[in-house]
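Reader: I've got a protein on my screen and would like to talk through how it holds together. Can you show me what you are looking at?

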Amino acid sequence: MPLNRLLPLLLLLLAACPATTPADDDDDDSAADDDDSTPYVQPGPFEDMEREERIEFMRHVVVPTMQPLLAQIDPEKYNEVDFGCDDCHGEDYIDADYEMPNGIVELSVSNFPHSQNADPELREYGELMEDEFLPTMAGLLGRELWTQQTPDGMSCSACHPIVN
Ligand code: HEC
Ligand code: HEC
């Protein structure tokens, strides 16, 4: 093959080879490496992610963003070490294949809006959920909020079963 035809082919092959970048040397999964210096980069909108990418996104973005919000109510119950996937996805989330809502506290229709509940504890949760938790979660997922005009938007029912 003449060189002028071989060269583009070689370049193509080179481009296809996985390059070893400095970032790849930083194996954050190994126990010996706890510097966590490789920054997480979101591969695109949540909607377009594969299952594995969604899991990584949940681990790197959703858990650390959402935990401090709930910790405002009860820093011990929702502490940084124990708060995780099961808090939103339910204890048996692997068996449930991440299907939601699953296994977290049910909300009664008659208690809406929770921010106006007579019970001060429910009211505190209600305010947090309405003002911060739901809008933050929807923002992370790139979804709009439920309103009568946007019936496909995200609501409390993304995480909570709603009962009569
Ligand atoms: C603060 C609540 C919250 C936490 C914590 C959380 N998730 Fe999620 N997760 C969600 C919500 C909300 C969705 C979107 C559900 C929907 O589509 O309505 C979701 C979706 C997912 C999906 C996509 C499911 C599908 O069918 O495509 C996966 C996978 C997932 N989460 C894994 C995890 C893992 C693993 C963890 C722990 C590292 C975790 N999540 C922690 C709220 C949470
Ligand atoms: C992204 C998931 C998610 C969304 C969306 C969400 N919640 Fe929650 N909610 C939680 C989690 C997690 C808890 C803590 C559950 C626990 O401690 O067992 C909780 C707790 C609560 C509680 C306390 C219940 C109790 O009896 O302890 C109330 C009330 C509540 N949420 C209301 C709402 C309302 C109202 C909305 C919609 C405006 C909403 N939530 C949206 C995840 C969510």
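Author: What follows is a round of questions and answers on this predicted model.

Reader: Let's start with the layout. In what order do the elements of the protein run from the N terminus on?

Author: There are five helices and two strands to place. Reading from the N terminus on, the order is α-α-α-α-β-α-β.

Reader: And how much of the protein counts as buried?

Author: The accessible surface comes to about 11,700 Å², and 54% of that belongs to carbon and sulfur atoms. The chain has 164 residues, and the share of them that counts as buried is 27%.

Reader: Okay, on to the inside. Which element supplies the largest share of the largest nonpolar core?

Author: That core has 20 residues, and Phe57, Met66 and Leu70 touch the most other members. Helix H3 (51–71) and helix H5 (120–141) each supply at least two of its residues. The largest share, eight residues, comes from H5.

Reader: Leu70 sounds well connected. Which residues does Leu70 touch, not counting those up to four places away in sequence?

Author: Leu70 is one of the three residues that touch the most other core members. Leaving out residues up to four places away in sequence, its partners are Tyr78, Phe83, Tyr125, Leu128, Met129 and Phe133.

Reader: I see two tyrosines in there. Are Tyr78 and Tyr125 stacked, tilted or edge-to-face?

Author: The ring centres of Tyr78 and Tyr125 are 6.5 Å apart, with the planes at 85°. Planes over 60 degrees apart count as edge-to-face. So the Tyr78 and Tyr125 pair is edge-to-face.

Reader: How many residues apart in sequence are the parts that this pair, Tyr78 and Tyr125, ties together?

Author: Both Tyr78 and Tyr125 are buried. Tyr78 sits in the loop between H3 and helix H4 (85–89), while Tyr125 belongs to helix H5. The pair therefore ties together parts whose separation in sequence is 47 residues.

Reader: There's another ring pair, Tyr93 and Tyr98. Which of those two is partly exposed?

Author: The rings of Tyr93 and Tyr98 have centres 5.8 Å apart and planes at 45°, so this pair is tilted. Buried means under 20% relative accessible area, and Tyr93 makes that cut at 19%. At 27%, the partly exposed one is Tyr98.

Reader: Now for charges. Which residue does Arg51 meet in a salt bridge?

Author: A search of the whole structure finds two salt bridges. One of them has an N to O distance of 3.0 Å and links Arg51 in helix H3 with a residue in the loop between H4 and E1, 46 residues apart. Both ends are partly exposed, Arg51 at 41% relative accessibility and its partner at 45%. That partner is Asp97.

Reader: What about Glu56 and Arg59: by about how much of the helix are they separated?

Author: Glu56 and Arg59 also form a salt bridge, their closest N and O atoms being 3.2 Å apart. Both are partly exposed, with relative accessible areas of 30% for Glu56 and 45% for Arg59. Because they are three residues apart in helix H3, their separation is about one helical turn.

Reader: Let's look at the loop between E1 and H5. Is His114 buried or exposed?

Author: His114 is found in that loop between E1 and H5. Leaving aside neighbours within four places in sequence, His114 is in contact with Leu107, Ser108, Leu122, Arg123, Gly126 and Glu130. Its relative accessibility is 9%, and the cut-off for buried is under 20%. So His114 counts as buried.

Reader: And how far apart in space are Leu122 and Asn111, C-alpha to C-alpha?

Author: Leu122 lies in helix H5 and counts as partly exposed at 34% relative accessibility. Beyond its neighbours within four places in sequence, Leu122 is in contact with Asn111, His114 and Asn117. Leu122 and Asn111 are 11 residues apart in sequence, and their C-alpha to C-alpha distance is 9.2 Å.

Reader: Last one, back on the outside. About how much accessible area do Val109, Phe112 and Ile162 have together?

Author: Phe112 is in the loop between strand E1 (107–108) and H5, and is partly exposed with a relative accessible area of 36%. Together with Val109 and Ile162, Phe112 forms a nonpolar patch on the surface. The accessible area of the three together is about 230 Å².

Note on methods:
Residues numbered from 1 in each chain as written. Chains lettered and ligands numbered in written order. Predicted model: local features only at pLDDT ≥ 70, side-chain atom pairs only at ≥ 80, totals over all residues. Heavy atoms only, no water. Core = buried A, V, L, I, M, F, W, Y, C linked by side-chain atoms within 4.5 Å. Buried < 20%, exposed > 50% of the residue type's maximum accessible area, 1.4 Å probe, protein only. Helix = DSSP H or I, 4+ residues; strand = E, 2+ residues; numbered from the N terminus. Contact = heavy atoms within 4.5 Å. Patch = residues over 30% accessible without salt bridge, like charges linked within 9 Å, V, L, I, M, F, W, Y side chains within 5 Å. Areas by Shrake-Rupley, 256 points an atom, 1.4 Å probe, with all protein chains shown as cover. Salt bridge = Lys/Arg side-chain N within 4 Å of Asp/Glu carboxyl O. Phe/Tyr/Trp six-rings, centres within 6.5 Å; stacked < 30°, edge-to-face > 60°.
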